[in-house]
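Here is a guided walk through one protein model, written for someone meeting it afresh. Keep the 3D view open and follow along.

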Amino acid sequence: MAIEAFGKTDRGCVRTENEDRILVDDALGLYLVCDGMGGSKRGDIAAELAADAVRYYIDASRDRYDVSWPFGYAFELSLDANRLATGVRLANRHVWRRAEQDLELAGMGTTIAAVLIGDGRAVVGNVGDTRVYLSRENRLTQITTDDTMIASMVRKGLLPAAEAASHPMRNVVTQAAGPQEEVEVHLHEEKIAPGDGFLICSDGLYNLVQEPDILAALADSGSPEAAAKRLIEAAIDRGAPDNVSAVVLRYS
């Protein structure tokens, strides 16, 4: 059994720059999408710093007997969940400190959504509104938590879920890596089985491509590469006002 993976990112039809960053690292079993925020405040720098920081820590912590835990070790979590949580929190600190050093970068930030594969399990971690979906037995499930004002209202029962997708404040992010010194990393662990697929995608994709179309692309495309390209093309066909990124994994 093995993981097949492919990632693609596009600036879309309106934006002049691409502030998304993706990572596909089969050697580490690490896959992520960072959606930089800030525009003139250089969200692209935030996304690149964050992606590099997560990758660096996951690589550095492969020697599990000599790893440091700068935020402490959560014994209720698996080792890989601790590794990913620490990597994301270090990425947040890295972006935050860089912004402190350069006033032109003040306020920059990025979402992070990552999947770490190892020992037949997937650990998923996120900050912000970039999503990870699991495709299993012809069903699609979002397994990340959106850090948005509207998603929080839905979770608290203050807004019907049916109204969330069209709400004018649906893109207001309540947490991202960089604007504050500490973040809460949402974690999810999943035992993976043959046929499982994962999609990591920015809001530039899922705001335009509906879940039935996402599921069809993951289920029907012959490879992760074909699925990722099909999803990006679907967003572009719908006008893609934002950057669009997709990383597709398949356990086969």
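**A walk through the model**

Let's start with a pocket: strand β3, which covers residues 30-37, gives the most to the lining of the second largest pocket, with three residues. Bear in mind as you look around that this is a predicted model. The second largest pocket has a volume of about 170 Å³. Its lining is made up of 14 residues, and the closest to the pocket's centre are D35, G36, M37, D203 and D242.

Next, have a look at helix α6, residues 211-220. Which of its residues are buried? They are I214, L215, A217 and L218. These four span an arc of only 160 degrees around the axis, so they end up on the same side of α6. Turn to the face pointing away from that buried side and you'll find the exposed residues P212 and D220. And what covers the buried residues of α6? The cover includes the strands β7 (131-136), β8 (139-142), β10 (197-201) and β11 (244-251), along with the helices α5 (203-206) and α7 (224-237).

While you're in this part of the chain, find R131 and Y206. The charged end of R131 sits over the ring of Y206, and the distance to the ring's centre is 3.7 Å.

Now for the aromatic rings. Two rings can be described by how far apart their centres are and by the angle between their planes. How many aromatic pairs are there here? The count comes to three. Take Y57 and W69: their ring centres are 6.5 Å apart and their planes meet at 65 degrees, which is over the 60 degrees needed, so this pair is edge-to-face. The pair also ties together distant parts of the chain, as Y57 belongs to helix α1 (residues 43-60) while W69 is in the loop between α1 and α2 (79-101), twelve residues apart. Y57 is buried because its relative accessible area is 7%, under the 20% limit. W69, at 22%, is partly exposed. These two have company, too: Y57, W69, Y73 and F75 form one aromatic cluster.

Helix α1 has another residue to visit, namely I45. Is I45 buried or exposed? Its relative accessible area is 18%, and since buried means under 20%, I45 counts as buried. Setting aside residues up to four places away in sequence, I45 touches R98, L105 and M108. For a sense of scale, the C-alpha atoms of I45 and N171 are separated by 21 Å, and these residues are 126 residues apart along the chain.

Two backbone spots deserve a stop as well. D119 has a phi near 55 degrees, a positive value in a residue other than glycine. You'll find D119 in the loop between β5 (112-118) and β6 (121-127). With a relative accessible area of 70%, D119 is over the 50% limit and therefore exposed. N138 isn't a glycine either, yet its phi is positive, at about 65 degrees. N138 is placed in the loop between β7 and β8, and it is exposed, with a relative accessible area of 59%.

Last stop: the loop between α7 and β11, which holds N243 and also P241. How buried or exposed is each of them? N243 is buried, with a relative accessible area of 1%, whereas P241 is partly exposed, with a value of 46%. Leaving out neighbours within four places in sequence, N243 is in contact with D10, R11, R15, E17, N18, E19, D20, S202 and G204. On the same basis, P241 touches V14, R15 and L208. R15 therefore turns up in the contacts of N243 and of P241, as contact here means heavy atoms within 4.5 Å.

Distances through space can be checked from this loop too. The C-alpha atoms of N243 and N92 are separated by 21 Å, with their places 151 residues apart along the chain. For P241 and V54, which are 187 residues apart along the chain, the C-alpha atoms are separated by 28 Å.

Conventions
Residues are numbered from 1 along each chain as its sequence is written. This is a predicted model: local features need pLDDT of at least 70, side-chain atom pairs count only at pLDDT 80 or more; totals for chains, interfaces and linings use all residues. Side-chain values use heavy atoms; hydrogens and water are left out. Rings of Phe, Tyr and Trp (its six-membered ring) pair if their centres lie within 6.5 Å; planes under 30 degrees apart count as stacked, over 60 as edge-to-face and the rest as tilted. Buried means under 20% relative accessible area, exposed over 50%, partly exposed in between (1.4 Å probe, protein chains only). A charge sits over a ring if NZ of Lys or CZ of Arg is within 6 Å of the ring centre and within 35 degrees of the ring normal. The arc is that of the directions from the helix axis to the C-beta atoms. On a 1 Å grid over the protein atoms alone, a cavity is a set of points where a 1.4 Å probe fits but cannot get out, and a pocket is an open set with protein on both sides within 12 Å along at least five of seven lines; lining residues have an atom within 4 Å of a point. Grid points are joined across faces, edges and corners, and a volume is the space filled by probe spheres set on the points.
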